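Subject: A structure for you to look through

Dear colleague,

I am passing on the structure we spoke about, and I would be glad if you kept it open while you read the notes that follow.

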Amino acid sequence: MKISVHKSSVFEVLQILRKKKAQEIDQAEVERVFSHEDYLFEFGRYQGRLSREEMIRYFLNFEYLKSGQIENEDLCQHHCFWLDFYFHVDEYEDRICEFLENFNDEQIFAAYEQARKGFPEGYTIPECKVVFTCGIGRSFGYPYQNGIHFDVLRLMKEQEIMEDFQEIIAHELHHLIYNQNIHIETEDIEGYFLQCFAGEGLAIKFTNNAQGLLSKKMYEDLSSNIGLDKESIAYLNLELEQSFSELKGTIQKIHMGEIKTRDEVDTLICEYWLSLYHQEEPGGVEKLLAQPRLYTMGNEIWGTIFDVYGMDELYRIVNEPKECLEKFNHALWTIGKPEYCIE
């Protein structure tokens, strides 16, 4: 695998941030920085949720803004990281420089080998670019095209991320391998819906050693849920009954013809399974989770299929997801949990 590390935009942002603090900011220079190829990579990934023009306007004024004044949801959720960066730029610069100077290809190769253990032989990628920026949106890490991206602002702010960064790199590399080797179901709507859970579910199974209520953790000698937010995962595991009820309800709607298209499935996935909001109790204040329901339900479905059938059969089913429901139900009987079967 060919590796390239992209980090130059970080130093350019540091430079214009210092000018901003000295009130020597030049809008043309800000426009140039946010035209950097690494930021074009980011804007492309966000697919219109956040534009270059919005980011430029935000950067020119963000230190004066409160979260409630920011209309863009990605910028609003990320606002606290930019403020902390602005008010502690010296500390950030020292730590960012030390981190990026020490980051090397060996770390990526080690994470790649870890991610590869979550696939059958022959599942590979020819190249990977690793992009570091001062992030512009709510995602800390993600795969896109032939690369993976990480936000250095969150990396510096949240020390627990730094401690588990190897597993986090492996998680994103798992996505990259998955995306480049899996056939996306286009005809069977039930299969497409269930396949939507496979990418995240298997990534946390194989690279984060996720422990579900049905799905077993991959490595007994390692800690569970490495690189995941323990509080969020605990909450989602407790919410399993409600999540299964939602899953069963959607599959019933598909069988009854009430959900017919991939667009309808995509909307449902975004609004419920990828939502980070939850309530501690009915009528209570909404809080944010660090991981969405898609992660844990994906692990329960596809991780359980792996536990029972093994790696080769797992990925055969991932590529033929219309068989998923039958295989999952059989797996539930095998592990003694038939009460979770889906008709």
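Aspartate 74 is buried in this predicted model, because its relative accessible area is 2% and the cut-off for buried is under 20%. Its side chain meets that of arginine 49 in a salt bridge, with 2.7 Å from N to O. Aspartate 74 belongs to helix α5 (residues 73–87), whereas arginine 49 sits in the loop between α3 (37–46) and α4 (52–61), so the pair ties together parts that are 25 residues apart in sequence. Unlike its buried partner, arginine 49 is partly exposed, with a relative accessible area of 39%.

This pair is one of 19 salt bridges that a search of the whole structure finds, and two others may help you to see how such pairs link helices. Glutamate 12 forms a salt bridge with arginine 32, and their closest N and O atoms are 3.1 Å apart. Here glutamate 12 comes from helix α1 (residues 8–21) and arginine 32 from helix α2 (residues 27–33), so parts that are 20 residues apart in sequence are tied together. Arginine 32 is partly exposed, at a relative accessible area of 42%. Further along the chain, the side chains of glutamate 313 and lysine 327 meet in a salt bridge at 3.8 Å, N to O. Since glutamate 313 lies in helix α17 (residues 311–319) and lysine 327 in helix α18 (residues 324–334), this pair ties together parts that are 14 residues apart in sequence. Glutamate 313 counts as partly exposed, with 21% relative accessibility. Which residues are joined into one network by salt bridges that share partners? They are Glu12, Lys19, Glu29 and Arg32.

The nonpolar side of the structure deserves the same patient reading. The largest nonpolar core has 101 residues, and those with the most contacts inside it are Phe85, Phe193, Leu247, Trp302 and Tyr315. Helix α10 (residues 165–181) gives the most to this core, with eight residues. If you select leucine 247 and leave aside its neighbours within four places in sequence, you will find it in contact with Phe193, Leu194, Phe197, Trp273, Met297, Ile301 and Ile342. Apart from the largest core lies another, of five residues, among them Ile204, Ala210, Leu228 and Ile233.

Two members of that second core, Ala210 and Ile233, also appear among the residues that asparagine 225 touches, together with Asn208, Asn209, Gln211 and Lys230, when residues up to four places away in sequence are not counted. Asparagine 225 lies in the loop between α12 (198–207) and α13 (230–238), and it counts as buried because its relative accessibility is 11%.

Finally, a word on the cysteines. How many disulfides does the count come to? The count comes to zero. Cysteine 134 is in no disulfide, and the nearest cysteine sulfur, that of cysteine 97, is 11 Å away. Cysteine 134 counts as buried, at 0% relative accessibility. The sulfur of cysteine 196 is 9.2 Å from the closest cysteine sulfur, in cysteine 270, which is too far for a bond, because the two sulfur atoms of a disulfide have to be within 2.5 Å. Cysteine 196 counts as partly exposed, at 21% relative accessibility.

With best wishes

Conventions. Residues are numbered from 1 along each chain as its sequence is written. This is a predicted model: local features need pLDDT of at least 70, side-chain atom pairs count only at pLDDT 80 or more; totals for chains, interfaces and linings use all residues. Side-chain values use heavy atoms; hydrogens and water are left out. Helices (H or I, at least four residues) and strands (E, at least two) are DSSP runs, numbered from the N terminus. Buried means under 20% relative accessible area, exposed over 50%, partly exposed in between (1.4 Å probe, protein chains only). Contact means heavy atoms within 4.5 Å. A salt bridge is a side-chain nitrogen of Lys or Arg within 4 Å of a carboxyl oxygen of Asp or Glu. A nonpolar core is a set of buried Ala, Val, Leu, Ile, Met, Phe, Trp, Tyr and Cys residues joined through side-chain atoms within 4.5 Å.
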